[in-house]
Amino acid sequence: MCPTYLTALCHHITRACPRGPSLTHHDLHLRVSLSSYKTMASENEIDSKRTLHTVSMASSDKSPGPTPDYDGQKPPGEPMTMHQHILDKGAALMQSLKPIKQMKQHVCTFALYSHDMSRQIETHHYVTRLNQDFLQCAVYDTDDSNGRLIGVEYIVSDKIFESLPLEEQKLWHSHAYEIKSGLWAYPRVPEVIVTAKPELELENLAKSYGKFWCTWQVDRGDRLPLGAPALMMSPQGVNLGMVRPDLVQKRDRKYNISTEDMKKVRTEIEEPEWINPQADYWKQHGKGFAIDVEPTEMKKIAPFP
Amino acid sequence: MSTAHPEVPGDPTQMGTAILEKTTAAIQGFGPTNKIHQHLCAFHFYSDDMSRQVEAHHFCGHQNEEMRQCLIYNSSEADARLIGIEYIISEELFMTLPDEEKPLWHTHEFEVKSGVLFMPGIPGPIERQDLEKVCKTYGKTIHFWQIDRGDNLPVGLPQIMMALTRDGQLYPNLAQDVEERYGISFEKERENRAYMMGPEKGIHPLANAAGKGLKTNLRETECKPVDAVPRVFV
């Protein structure tokens, strides 16, 4: 069965990539060789003191050490080989990928780093609903197919938020301003669908709270995901929370939408009666948050590494 | 200790909401997530506590030949919880990381060679073609939802996770549970993968938390005073 499958896959890929080389079964023949583990090469000489004792801190608010300069905007690394494309295609045909199919919405919005709110980014959320009160989002830096995965955001209803301990609430942000101002947008979806009353989508979202961890600080030029995860905050209607107009304009031009117009349409959406003051912590307390990664004793049940 | 499936508080999804989402799913573009083509199953443990182990379902897409980015869920079902992220890079890319960064990354050599990391539903010979490459890679895994301690919501700080590096670390019952569910044998697969090789230069000594543990802590930072920032918006 396997060789037949491989042959069929070769044909499929060759048809799909007419300009590529035509592949034979031989190309995919499994290489089998008997070799043993490679032990650590002697050329890999690292000062032993350094390896054992000095694991430096990584912090979300500190710039990482230098990495080589790469040309252009693409992440470093060789382009995908034909072989890898085939493996990928094969996997996609045979695996069901159910959780990914549950992503039903694309939201374009903006976020700010809690430790430096002058750093603002456009974000692309791919949203999965677990129930009426809970959403989980995979966040990317663009909606292109080569978008970089930059973090995860969780969104909960006000009901759930109120049940969280005070210390936890500090890590969350409110969505009312972001929604009502039109910053939170659904590319390609007519606004009338999103604001339709029976669905109450935006009205519920306006009362929700989010927790957003950013794992790849692409806006500071990181070519690879470096450092500790950073806590993000949402746009707000006052000073530090205001999103720079040029960012909004750029977004609006790309999607041929008008944030101003969406704001007008959304004036009818009810403001939440109350926004918990623990959320958007910077507003009341003037403080942001950073994450530090520090060395510690690992609790072990077997030798490590 | 076993992989939990947290009961997330909240009301069931309303009909109207579900219909709206069907609509958006049909109209909108899903560029980055359409590139997610692989499902990989493996185990992670917390970088400060090996006794806390989690079955991790990775859904991966290639950025290019040398880098993958994965969403991590607690299961492969439709109602799976999104619990973390993993980035997987080639040895070449790993070597370009600053030394302070390298400890946050772990190796995949043992997981792959022991059979414990696998691609559900993919026939062995095909799976091995990809895993040969994965064997040489390094990964950075961050979890946001500590389901193993019974959290029914993603509370707390992000956790750096580590991967298995030798026999004796993985709880036998976790392993057995996966083997039974997927009808596989890690031992058998280990034999099939004996030919595979890890990183060309060997496992970097700074990887895998440089052999220690890692912990994340929260620190408050100063914001510019809210009123002091003069912003002019035209």
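Me: Buried means under 20% relative accessible area, exposed over 50%, and partly exposed in between, with a 1.4 Å probe and the protein chains only. How many residues of strand S2 of chain B are buried?

Reply: In strand S2 of chain B, residues 49–64, 15 of the 16 residues are buried, so the strand is largely enclosed by the rest of the structure. Strands here are DSSP runs of E with at least two residues, helices are runs of H or I with at least four, and both are numbered from the N terminus. This is a predicted model, in which local features need pLDDT of at least 70 and side-chain atom pairs count only at pLDDT 80 or more, while totals for chains, interfaces and linings use all residues. Residues are numbered from 1 along each chain as its sequence is written, chains are lettered from A and ligands numbered from 1 in the order in which they are written, and side-chain values use heavy atoms, leaving out hydrogens and water.

Me: What joins S1(B) to S2(B)?

Reply: Strand S1 of chain B, residues 38–46, runs antiparallel to S2(B), and nine bridges join them; two strands count as a pair if DSSP finds at least two bridges between them. B:Ala42 stands opposite B:Ala56 of S2(B), and a hairpin with two residues in it connects S1(B) to S2(B).

Me: And in which sense do S2(B) and S3(B) pair?

Reply: S2(B) pairs with strand S3 of chain B, residues 67–73, in the antiparallel sense over seven bridges. These strands also form a hairpin, with two residues between them, and B:His62 has B:Arg68 in S3(B) as its bridge partner. Strands of a sheet pair through backbone hydrogen bonds, either parallel or antiparallel.

Me: Moving on to B:Cys60, is that residue buried or exposed?

Reply: B:Cys60 counts as buried because its relative accessibility is 1%.

Me: How many disulfides does a search of the whole structure find?

Reply: The search finds zero disulfides over all chains, where a disulfide is a pair of cysteine sulfur atoms within 2.5 Å. A:Cys108 has its closest cysteine sulfur in A:Cys137, and at 13 Å that is too far for a bond. A:Cys108 is also buried, at 0% relative accessibility.

Me: What does chain A hold in helices and strands?

Reply: Chain A has twelve helices and nine strands, and buried residues make up 53% of its 305 residues. Taking contact as heavy atoms within 4.5 Å, 66% of the contacts in chain A between residues at least 6 apart in sequence join residues at least 24 apart.

Me: How many residues does each chain bring to the contact between A and B?

Reply: Chain A brings 134 residues to the contact and chain B brings 131. Between them the two chains bury about 12,100 Å², with 61% of it on carbon and sulfur atoms; buried area is the accessible area (1.4 Å probe) that two parts lose on being put together, summed over both.

Me: How many salt bridges are counted between chain A and chain B?

Reply: The count is seven salt bridges, each being a side-chain nitrogen of Lys or Arg within 4 Å of a carboxyl oxygen of Asp or Glu. One of the salt bridges joins the side chains of A:Asp292 and B:Arg219, at 2.8 Å from N to O.

Me: What is the bridge partner of A:Ala290 in S8(B)?

Reply: The bridge partner of A:Ala290 is B:Arg219 in S8(B). Strand S9 of chain A, residues 287–296, pairs with S8(B) in the antiparallel sense over ten bridges.

Me: What is the order of the strands in that open sheet?

Reply: The open sheet of three strands has the order S1(A)-S9(A)-S8(B), with antiparallel pairing. S1 of chain A (58–59) and S8 of chain B (213–222) stand at the edges with a single partner strand each, so one side of each is left without a neighbour in the sheet.

Me: Last topic, backbone oddities: where does A:Leu97 lie?

Reply: A:Leu97 lies in the loop between helix H3 (82–94) and helix H4 (98–101) of chain A. Its phi is near 50°, a positive value in a residue other than glycine, and at 9% relative accessibility A:Leu97 counts as buried. B:Ala210 likewise has phi near 50°, and it sits in the loop between helix H7 (186–192) and S8 of chain B. The peptide bond from A:Phe304 to A:Pro305 is cis, with omega near 5°, and A:Pro305 is placed in the segment after S9 of chain A.
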